Amino acid sequence: QVQLVESGGGLVQAGGSLRLSCAASGNIRDINHMGWYRQAPGKRRDLVASITSAGTTNYADSVKGRFTIFRDNARNTVSLQMNSLKPEDTALYYCNARGYVPLDGYRELWGQGTLVTVSS
């Protein structure tokens, strides 16, 4: 079974830091895209940051300069370092990956979500 397993959410005060981690397990390869999305209550799920297998990154304007995404291709992991957190960063954060699953084809996977709460 191919899945994404997330860790690292929690409660932090404004100005603090958290690191989210996500690992792809199972038989999946050629993961050309890994990323983090977030969804606040009553809002849509939006991209926070993404990274390709070549290391090209993309960030939402609201997190540029505060968040850093990085990945380990050999381990199929992606992490999100979040600094200078603000209350508006409070959301459920989802890991996302797109790769090839033998006998199943090219698939998009989602993690179960990890909650980040930033208090003012």
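1. Residue G9 sits in the loop that lies between β1 and β2 (10-13), and in this predicted model it is partly exposed, with a relative accessible area of 33%. Leaving aside residues up to four places away in sequence, G9 touches L20, T114, L115 and V116. For one of these, L20, which stands 11 residues from G9 along the chain, the separation of the two C-alpha atoms is 6.2 Å.

2. L20 belongs to strand β3, where the side chains alternate: L18, L20, C22 and A24 point to one face and are buried, whereas R19, S21, A23 and S25 point to the other face and are not buried. This can be read against the general pattern that, in a regular strand, side chains alternate between the two faces of the sheet.

3. The sheet to which β3 contributes is open and has four strands, in the order β1-β3-β8-β7, with antiparallel pairing. Because β1 (3-7) and β7 (67-72) stand at the edges and have a single partner strand each, one side of each is left without a neighbour in the sheet. On average, and with direction ignored, neighbouring strands of this sheet are turned by 15 degrees against each other.

4. On one side, β3 pairs with β1, the two strands running antiparallel and being joined by five bridges; within this pairing, V5 has A23 of β3 as its bridge partner. A23 is also among the β3 residues whose side chains point to the face that is not buried.

5. The pairing of β3 (residues 18-25) with β8 (residues 77-82) is likewise described as antiparallel, and it extends over six bridges. Two of the residues on the buried face of β3 can be followed across to β8: L20 has L80 as its bridge partner, and C22 has V78.

6. C22 deserves a separate point, since a disulfide joins it to C95, with an S to S distance of 2.1 Å, which falls within the 2.5 Å cut-off for such a pair. By this rule the count comes to one disulfide. The pair links distant parts of the chain, with C22 in strand β3 and C95 in strand β9 (residues 91-101), 73 residues apart. The link of C22 and C95 is left-handed, with -85 degrees about the S-S bond, and both cysteines, C22 and C95, are buried.

Conventions
Residues numbered from 1 in each chain as written. Predicted model: local features only at pLDDT ≥ 70, side-chain atom pairs only at ≥ 80, totals over all residues. Heavy atoms only, no water. Pairing = 2+ DSSP bridges. Axes fitted to C-alpha atoms, helices over the stretch in contact; angles between N-to-C directions. Buried < 20%, exposed > 50% of the residue type's maximum accessible area, 1.4 Å probe, protein only. Contact = heavy atoms within 4.5 Å.
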